[in-house]
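Open the model in your viewer and keep the selection box handy. We will walk through it stop by stop, with something to pick at each one.

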Amino acid sequence: MSNKTLIVIGNGMVGHHFLEQFVASPAASGYDILVFGEEKQRAYDRVHLSEYFTGSTHSDLAMGTADWYSEHGIQLRLHEQVTALNPDQRSVTTPKGDYGYDELVLATGSFPFVPPIEGREHPHCFVYRTLEDLDAIRHSAQKGKSGVVVGGGLLGLEAANALKSLGLQAHVVEFAPRLMPVQLDTDGGALLRHKIEELGVQVHTEKATTSIVEGENARIRMNFSDDSHLETDLIVFSAGIRPQDTLARASGLSVGERGGIVVNDQCTTSDPHIHAIGECALWNQKIFGLVAPGYTMARTLAAILNGDRDAAFTGADMSTKLKLLGVDVGSIGDAHGQTPGARNIRFNDEQAGHYRRMVVSEDGKTLLGAILVGDNSHYDSLLQYALNGITLPHNPETLILPENQGGAPALGPDALPETASICSCHNVTKGDICCAIDAGCVDLPSVKAETKASTGCGGCTSLLKNLVDNELEKRGVAVNKDLCEHFPYSRQELFHLVKVNGIRTFRTLISQHGKGQGCDICKPAVGSILATCWNEHILATDHVPLQDTNDTFMANMQKNGTYSIVPRIPGGEITPDKLIVLGEVAKEYDLYTKITGGQRVDLFGATLSELPEIWEKLIAAGFETGHAYGKSLRTVKSCVGNTWCRYGVQDSVGMAIVLENRYKGLRAPHKVKMAVSGCTRECAEAQSKDFGVIATENGWNLYVCGNGGMRPRHADLFATDLSDEALIRTIDRVVMFYVRTADRLQRTSVWMENLEGGLDYLKQVVLEDSLSICAELEEHMNSIADTYQCEWKTAVEDPEKRKRFREFVNLPEQKDPVQQWTTERGQRRPVLESV
Amino acid sequence: MKTRTFWNTICTVDDLVPESGIAVWTEEGPVAVFYLPHRLPALVAISHKDPFSGANVLARGITGDLGGEPIVASPLYKQHFNLKTGVCLEDESVRVKTYSVLLDGNRILLETRETQQEAVAA
């Protein structure tokens with residue numbers, strides 16, 4: 001029996017998704033598949049189209065490979081436009097001939113709507129849909145200075161971002177009174193506009209373009225109905241989409257009044273052998289201009305063709321979450337509150353630039369819709385409430401209030417029903433994820449590979465991770481919290497063992513509570529714990545072998561085996577005399593000199609044997625070690641404060657010096673940074689530190705658990721208007737609680753996020769003393785501050801400790817031949833022979 | 001041409017640091033000597049040169065054991081080397097040279113090879 005023929009017209013995202021679904025089904029073996037694509041390229045990811053301007057190529061964006069098509073026996077005819085459908089003959093016509101079909105799938109997508117404006121044929125007017133459009137825009141932009149996007153919707157703002165990335169001054173011209181009129185309300189639109197204008201994109205609302213003519217100062221002049229005008233070098237139309245239904249219309253299939261190929265719940269058109277999916281299809285008088293509903297139609301149709309009679313498309317969620325020009329925007333369900341009796345709850349923080357609106361049902365029990373601008377962190381929880389009809393808490397406003405103002409924590413994965421949709425692109429539910437885990441997936445990548453969850457638009461990434469972690473933990477696949485093969489304990493448990501049993505050496509600890517000799521994981525961790533508990537010198541004989549190399553030699557090893565030296569400069573305040581000493585020492589030892597981000601001076605290129613000599617000189621000039629090598633307090637950065645600054649309200653330098661001297665030398669699970677700003681202008685960038693202090697008229701505001709680095713996090717406001725004493729007391733408590741309970745190499749931010757109850761819990765412990773340990777924490781911190789010693793001072797005074805700093809113990813004068821130098825910008829830098 | 005080996009005195013017991021390494025200079029280049037008092041043998045030696053960075057730093061790594069085998073972790077990029085065989089645990093195709101080392105009274109002796117051109121008869 002010869003095979004039947006399936007023809008697909010259109011090779012876009014939805015067409016491709018349909019093929020993926022169909023070839024995986026048993027029915028596929030009964031069909032020869034023929035695909036026509038109008039564009040020259042294979043299907044690509046249009047959702048991420050603008051990445052084409054920031055370096056992505058077609059192959060980065062492509063949905064499948066040429067091999068994938070041939071492996072599945074799919075004949076792909078690109079750049080071959082279908083010119084007619086002949087439903088009576090069951091054939092399609094192209095310039096190259098006629099092709100017969102048994103089943104036909106229309107996945108022709110949409111085309112950009114260009115308003116009928118006089119002059120729109122100008123050669124520098126474009127649309128934003130295909131890679132070819134983008135090539136043309138890029139070409140035009142090369143000699144242009146500015147560009148206008150007509151249309152302030154989702155795609156229009158995406159296009160504006162693309163123009164900006166091409167180096168143009170970007171403008172957005174919108175007919176409606178606000179941006180994203182479909183998804184946002186007046187306040188949300190206003191905030192979005194404000195944020196986008198701050199990024200340098202000019203927004204013009206309530207502008208109707210009447211004509212496009214040659215410009216005087218630029219290529220084009222746009223005239224508006226209010227007699228104003230705007231000159232620009234190019235225009236991109238992004239005023240919405242229209243379904244591509246030309247073929248269907250010409251062949252007599254039913255189409256909607258305003259376009260769109262009419263389909264039923266089975267995605268079948270008025271001809272039983274012709275089907276339509278994606279943006280070209282009109283279902284229930286609706287066109288779906290997003291990728292997720294198109295994928296749902298594709299899945300439905302694949303099931304139908306596979307003989308599943310129950311498969312049906314029943315509409316789709318149009319909720320959207322995206323970053324437009326770096327600004328979070330989210331819109332869920334009935335965002336405008338059009339459901340009868342709907343009530344609104346709004347939160348609008350103009351200072352932080354956050355706007356959130358919830359639309360709840362008349363009885364206050366169900367979430368109907370929501371709008372978010374500026375911060376999408378509440379999106380996942382709200383979407384789950386809306387999609388799954390989860391009953392809202394008694395005070396639903398807590399869902400959108402900031403956590404420190406009584407906001408509820410995000411909806412945990414446990415609260416979701418099995419049917420909750422996690423990934424709407426690929427229609428993956430919580431139940432599917434749990435099945436995949438039960439079937440043997442033991443980590444996030446394997447769950448993604450198995451279920452395809454989070455491989456579409458990626459909007460569900462964080463929710464998926466939470467869910468997978470939570471489910472794995474429930475099944476006892478819990479991430480092994482053992483420190484390493486030598487200790488079956490977490491860092492926190494080891495801390496307790498050391499503290500409670502008064503253990504003072506690694507050897508005692510491992511012989512009583514571990515096995516083997518230790519390794520580079522447990523030794524430094526235990527070294528840090530012992531230092532925190534007993535504060536003995538880190539180069540005491542028992543402790544030397546525990547330290548990471550930087551701690552062992554109290555300097556930072558660089559790539560050629562030499563070291564850098566960072567003396568402490570508390571608060572960044574330094575006398576000219578001390579600065580001169582640094583210069584003299586650097587000059588004498590030919591040290592490369594650089595100012596650090598923490599308001600100190602870093603001296604590079606000292607050999608092991610030079611370290612003690614250099615430190616003798618620095619100590620004689622009054623310097624102390626800066627602990628740049630340690631998992632301990634680094635610096636307390638400060639602005640100049642009210643002593644000099646006309647805006648300052650407190651002495652920020654003075655407080656920074658007090659804090660730096662109090663916490664210096666304290667060993668912690670990871671490095672700790674602090675900063676003090678003298679007023680709300682925040683010149684010391686305190687909110688990016690583990691402990692940030694900002695002066696107020698009445699005292700100090702304390703922020704905790706921020707950091708910079710790979711995953712930056714703003715610190716959270718912890719307490720306000722503290723006196724000097726209260727500030728130090730509070731930091732004492734938080735820092736000691738961190739040091740005692742955090743994991744190895746865990747910064748304060750991750751530690752706090754992992755505390756059950758998070759910031760609120762930390763506040764209870766520290767501000768309300770809910771565990772009754774505050775006195776103990778303060779006492780512990782006091783004892784550490786009282787036993788502080790400059791590690792370098794002790795080391796240079798002790799001949800036994802100095803012995804460690806010999807490059808080669810048998811030949812003191814021998815230089816390391818690997819350390820070769822050259823000069824760059826007037827200073828020495830290393831040259832390393834190739835390995 | 002033939003290769004002879006020599007036992008050289010490189011340092012004394014007082015130079016060693018328990019559970020840690022020191023570096024010595026030899027005719028063959030820098031060598032790292034580790035003193036592991038809780039193992040047998042208590043003295044092991046490998047090349048001081050970290051093959052991944054090219055820097056002479058292995059003596060400054062943290063020692064310990066993994067799966068019962070004595071190891072040192074490179075202080076630069078943290079690869080582990082087996083102190084008995086010199087093989088890198090992360091990449092078994094990489095191996096650092098190992099040396100024999102002995103305790104003789106108070107002195108530490110290290111075996112090095114010296115290649116000498118034999119005199120050619122006139």
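Start with two pieces of chain A: the centres of domain 2 and domain 5, taken over C-alpha atoms, are separated by 64 Å. Keep in mind throughout that this is a predicted model.

**Colouring chain A by domain**

To set up the colours, use the domain assignment of chain A: domain 1 is 4-111 + 243-305, domain 2 is 114-239 and domain 3 is 317-411. Continue with domain 4 at 413-479, domain 5 at 491-547 and domain 6 at 633-786.

**Into the nonpolar cores**

Next, select A:Phe18, A:Phe22, A:Val92, A:Leu106, A:Ile277 and A:Ile433. Within the largest nonpolar core, which holds 86 residues, these touch the most other members. Helix H8 of chain A, residues 291-305, gives this core its largest share, 8 residues. In soluble globular proteins, nonpolar side chains tend to be buried together.

Now centre on A:Ile277. Which residues does A:Ile277 touch, leaving aside those up to four places away in sequence? Show A:Val14, A:Phe18, A:Val105, A:Leu106, A:Ala107, A:Cys267, A:Met297, A:Ala298 and A:Leu301, and you have the list. There is also a second, separate core of 62 residues; A:Phe495, A:Phe506, A:Cys519 and A:Val739 are among its members.

**Helix H4 of chain A**

Select residues 131-141 of chain A, which form helix H4. The buried residues here are A:Leu131, A:Asp133, A:Leu134, A:Ile137, A:Ser140 and A:Ala141. What do they pack against? Look for helix H2 (58-61), strand E9 (125-127), helix H5 (154-165) and strand E16 (234-237), which also belong to chain A.

**Two positive phi angles**

Stay on chain A and jump to A:His627, in the loop between helix H18 (610-620) and strand E32 (633-638). Its phi is near 55°, a positive value in a residue other than glycine. A:His627 counts as buried because its relative accessibility is 0%.

The next pick is A:Glu682, in the loop that joins strand E33 (672-677) to strand E34 (691-696). Phi of A:Glu682 is near 60°, again positive in a residue that is not glycine. Is A:Glu682 buried or exposed? With a relative accessibility of 11%, A:Glu682 falls under the 20% limit, so this residue counts as buried.

For context, most residues other than glycine have a negative phi, and most peptide bonds are trans.

**Over to chain B**

Hide chain A for a moment. Chain B has 0 helices and 10 strands, and its C-alpha trace spans about 55 × 35 × 25 Å along the principal axes. Of its 122 residues, 52% are buried. Switch on a surface: chain B exposes about 5700 Å², with 51% of that supplied by carbon and sulfur atoms. Colour by charge as well, and you will find 11 positive and 15 negative charges whose mean positions lie 3 Å apart.

For a backbone detail, zoom to the peptide bond from B:Leu40 to B:Pro41, which is cis with omega near -10°. B:Pro41 sits in the loop between strand E3 (29-35) and E4 of chain B.

**Last stop: B:Arg60**

Bring chain A back and select B:Arg60, in the loop between strand E4 (43-47) and strand E5 (62-66) of chain B. B:Arg60 counts as buried because its relative accessible area is 6%. Which residues does B:Arg60 touch, apart from those up to four places away in sequence? Its contacts are A:Thr549, A:Phe553, A:Met557, A:Gly561, A:Tyr563, A:Leu608, A:Glu807 and B:Pro75.

Terms used. Residues numbered from 1 in each chain as written. Chains lettered and ligands numbered in written order. Predicted model: local features only at pLDDT ≥ 70, side-chain atom pairs only at ≥ 80, totals over all residues. Heavy atoms only, no water. Core = buried A, V, L, I, M, F, W, Y, C linked by side-chain atoms within 4.5 Å. Buried < 20%, exposed > 50% of the residue type's maximum accessible area, 1.4 Å probe, protein only. Helix = DSSP H or I, 4+ residues; strand = E, 2+ residues; numbered from the N terminus. Contact = heavy atoms within 4.5 Å. Domains from an automatic or database assignment. Areas by Shrake-Rupley, 256 points an atom, 1.4 Å probe, with all protein chains shown as cover. Lys, Arg positive; Asp, Glu negative; His and termini not counted. Charge placed at Lys NZ, Arg CZ, Asp CG, Glu CD.
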